[in-house]
Amino acid sequence: MSAGLLGGVSLLASLFFSVLGLAFSGLAYRFRDTRYLEAAKRAAPLVFAGLAAAFLALEWALITHDFSVKYVALHHSVKDPLWVTLVTPWAALEGSILLWATLQSLYTWLVSRAAGKQLDVWRAPIALATLFGIQVFFVSVMVFMVNPFTAVAQPPLDGNGPNPLLQNHWMMAVHPVLMYLGFVGLSVPFAYAVSSMVVRRYQSWVHETRFWTLVAWGFLTAAIFAGGWWSYEVLGWGGYWAFDPVENASIIPWFLATAFLHTVQVQERRGLFKAWNFSFITLAFAATVFGTFLTRSGVIQSVHAFASGPIGVVFLGFLLLVLIVGFGLLSKVSAELKDAGEIRFNSREGALLGGALLFGTFAFVILVGTLWPLVVEAASGAKVSVGAPFFFQVSIPLGVALLLLMGAGPVLPWRNAGTQVRRNLFYMGLSLGLGTGAGLALGLSLGVSLALGLFLYNLAAVALMFSQGIAERGTSLKISALQAFLELAATNKRRFGSHVVHVGVALAGLAIAVSQTYRIESEKTLRLSEVWNVAGLEVRLLPLTLQEESNRQAIIAPLKVRSTSRLSWGAGGSYQPRLNFYPSSRTPLAAPHVRYSLFNDYYFVLQEFDRDKGAWATIRLIVTPMVLWLWISGALIALGTLYLLLPNAAGFKKGATAPSA
Amino acid sequence: MIQVTVFFQAGFKMAERKTTPRDSLVSWLPRAAAIAVGVVALLFSGALAQASVGPPPDLSPEVFQIAKTLRCPVCQGESAAESNSGVATEMRRIIAEQLAQGKTAGEIRQFFVARYGDWILYEPPKRGLTLWVWFSPLVGLGVLALVLWRYLAAARSRSVGADNVSTEELERAEASLSSKTEDQ
Amino acid sequence: MRRFWPLIVLALGGLFWWGMQRPDMNALPSVLIGRPAPDFTLPVMFPYRASWGQSFQLSKHLGKKPVIVNIWASWCKPACYDEAPHLQAAWQEYQDRVLFIVIDAQEQDGLTFIRLFGLAFPQVFDPLGTVGVDYGMYGVPETLLINREDRVAGRHADPLDPAGFDKLIQKVL
């Protein structure tokens, strides 16, 4: 049996089981019969098995160079290295939808295991029906529109290989998978929300989906950082974020999911904000579909865009359906969601709401900025661009406000602020002022000084909370400070994990401010063995070399670099920036050579070279401080999220949510 | 005919990154192109010869500052400072040339706007329809704050008389109490 | 919010629907339409020198006949190669009434291209791409139309088919 046939059959089988699962879920809801629910639950692993088989079949076809499969013929070449071959399934439209559907079915299966238990029998049919419905959509799109297993009548001997941008760095193996795991993961809280609105039980779903939302959020965060790193290493302009439409499409659901993770606490604690949580999760999931639509419809130009086709219309329909289902249900039940309670602004819930307000605004601004060229064109026919300079400028005030709230929020107690809190806030304000003042005194720019102040302010917040917790526990239980700290961290995971995440975010804010402000960029055309004195370095160009590799050719400009100043200590040595020429691409791709350090990153790019004689090369040097700290902050956030997700320690009631004191 | 081939070889540098790198890349490794350069210099008038042989001139950071605010017309998601395409290279050259003539950044941007329209500007101009996008943070914050304020006012009015403890919470408290008694 | 959300969803859907059904989503309308055509002087490619001289200055040829300026590059495969025969056919049909001129974004493989398609009208080359910037070029091939009054009358990015050439040229005849 050929890979193409196996894949096609597996797809059909998974479509069949998805429809079956949807039908049984519907019957289970209609007749309130758990036997149907059991049947639906059984369909879930079968759908996953079918899609996993299809995915493996695609991998198999790629590995065995089976060019009778159109996808392989178009996006694979025998010259590709193994890792490129293995990541090719998500290098183009058809395969990426297959990966999406496979991950979706994995989530569906995992959720189905909770059906009848944590997810009670009233809501389970609807939650599963929602997930199976999404599943049916994706598998149908593949079966009827963009089948990855379409055959070619006359298989070529070799293909073009995937888009060179995707084979230029190994991060491509990681970033899209994380992104899909995050995007797809948001379907789970959405399914829970839908089921809660249908069954009219508005409270428990937020406790139950905390885990799933955090999983999706964690993956999304990791994917955004990984994407930044990929940009930094591959695109050769020394930046990590360009506010490209597709980057925006990934950050919008992130902001909405973040808003949800914060407002959920208000509902958990005080039962308020029910309608907002339904809205946020509907919007977050819709935003993931919007991102998919954007990359696959060509409606807005982007670097990441896949070839467009009729599929755009289908995704648009799906996006509207998600919004209509979410908000339609919400407006149907809104009369029952009349919360009662008072919220003071100087309380925890006040800060959480303030945060949600800012996260929502951020998402709104990025959405509007991304869509504005389309709006202007619809209104006046003129084409305009809304690019990175705009987004950076509007992000600054919003970011500063968020960092301020992030420090104060966890310090404030629920309901009302007391004297203890005022003292804490005083210390935090003091560190903010001292940090900013110190920055200014050191001659840093106002923005960076403020970022430094905000970082210290957030650190102070976390330190104050810990030290008070440790002191209280230590004196009351008569244990050492270290033991008290460890016990606190182990028993109050939720609090500890979120502190780690917050420190990570504060660090990211500082790293972004510093790296955006103090970036040095210089370009020079060097003749052979000419010396270039720049940024405390002495750069010498050695003869260019040509390197033949299986899937590409590369021109390498070896540089001998000597550090001539104390500040550039450690940056000396040899660098090999290169231009990679792929047969399928007209333009070569620059592969920068980066030396990471905790202070400055030294980033050399080969821009151009003498094609006649190899006598000169244009080299660009980008020196950016604190970029490494951005990746460290990403790791911190990921670790904090992981800690939040760890199962509760023994001695804690299983299934119960730890109170977030 | 020989002249023609020489001519084409010399122009090679200008070639934007080529389709067939396998042939073109190695051209300077085996062949001595010195003669070609000489012939080319004779063939063309001064400006042209300058352009087609020799390394490109070094550009000041100011050039990149301005180029960063302009879109690379043939690229997607890259500014004219970042892109290596022929057009972007030419744009940087034009910027450098006009800076040398004493033009301001605004005038240089205007030069490109006159040819490409506002589309070339990465930062949307603060006039007309694109002025509104600059207001989007205020609009977003305003609308969300209004909705939030109305929600909070409604929630507070419902809780009046419940002595700051919502009925929902009372229910929850009761439920947890009763469930505890059941547990026992 | 309760009453407005269907409107917002509808507006978004409408916007995207409109966005998708635009015939050419990425087309950039030229701001030069109706304005005087920027002048250029460019070296003529080798085979055409006998009849056109060393260099070609646009302004010397304006005002008599409308001008079609086609900008292409030899690396632009397959688009430019698809268009070339149609360009040649259009020239055969309109050569008496319209002046055709081709600007090569670079001349490297120009001769091969000429040999392949037998382009019989003058070719000049723009080594730096200055003319491309002057005309707001954002990709190749691009076809510009200049009317008898020396003004830019049309611009088409992407390859033209015979009907496309006819439609464009009819604008100024």
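**Figure 1. Thr624(A), a buried residue of the predicted model.** With a relative accessibility of 2%, below the 20% cut-off, Thr624(A) counts as buried. This view, like the others, shows a predicted model. Thr624(A) belongs to strand β12 of chain A, which covers residues 616-625. Beyond its neighbours within four places in sequence, Thr624(A) has contacts with Tyr232(A), Gly238(A), Ser515(A) and Arg519(A). Phe599(A), Asn600(A) and Asp601(A) are also in contact with Thr624(A).

**Figure 2. Surroundings of Val411(A) in helix α16 of chain A.** Helix α16 spans residues 388-411 of chain A and includes Val411(A). Is Val411(A) buried or exposed? Its relative accessibility is 8%, so Val411(A) counts as buried. When residues up to four places away in sequence are not counted, Val411(A) touches Val421(A), Asn424(A), Leu425(A) and Met428(A). Val411(A) also touches Ala461(A) and Met465(A). Between Val411(A) and Met428(A) there are 9.8 Å from C-alpha to C-alpha, at a separation of 17 residues in sequence.

**Figure 3. Packing of helices α1 and α2 in chain A.** Two packed helices are described by the angle between their axes and the distance between the axes. Helix α1 of chain A takes up residues 3-31, and helix α2 of chain A takes up residues 34-63. The angle between them is about 160°, and their axes are 7 Å apart. Because angles over 145 degrees count as roughly antiparallel, α1(A) and α2(A) are roughly antiparallel to each other. The crossing of α1(A) past α2(A) is left-handed. In the contact of α1(A) with α2(A), 21 residues are nonpolar, seven are polar and none is charged.

**Figure 4. Confidence along chain A.** The mean pLDDT of chain A is 87, and 96% of the residues score at least 70. Which helix of chain A has the highest confidence, and which the lowest? Helix α6 of chain A (residues 124-145) is highest at a mean of 94, while helix α7 of chain A (residues 164-167) is lowest at 77. Over residues 650-661 of chain A, pLDDT stays under 50. The model has 16 contacts beyond four places in sequence for residues 650-661 of chain A. Where pLDDT is low, the predicted coordinates should not be read in detail.

**Figure 5. The helices of chain B.** Chain B has nine helices and zero strands. Of the 184 residues in chain B, 42% are buried. Among the contacts in chain B with a separation of 6 or more, 46% join residues 24 or more positions apart.

Conventions:
Residues numbered from 1 in each chain as written. Chains lettered and ligands numbered in written order. Predicted model: local features only at pLDDT ≥ 70, side-chain atom pairs only at ≥ 80, totals over all residues. Heavy atoms only, no water. pLDDT = per-residue confidence, 0-100. Helix = DSSP H or I, 4+ residues; strand = E, 2+ residues; numbered from the N terminus. Contact = heavy atoms within 4.5 Å. Buried < 20%, exposed > 50% of the residue type's maximum accessible area, 1.4 Å probe, protein only. Axes fitted to C-alpha atoms, helices over the stretch in contact; angles between N-to-C directions. Parallel < 35°, antiparallel > 145°, perpendicular 65-115°, else oblique. Left-handed = near helix turned anticlockwise from the far one by under 90°. Nonpolar A, V, L, I, M, F, W, Y, C, P; charged D, E, K, R; others polar.
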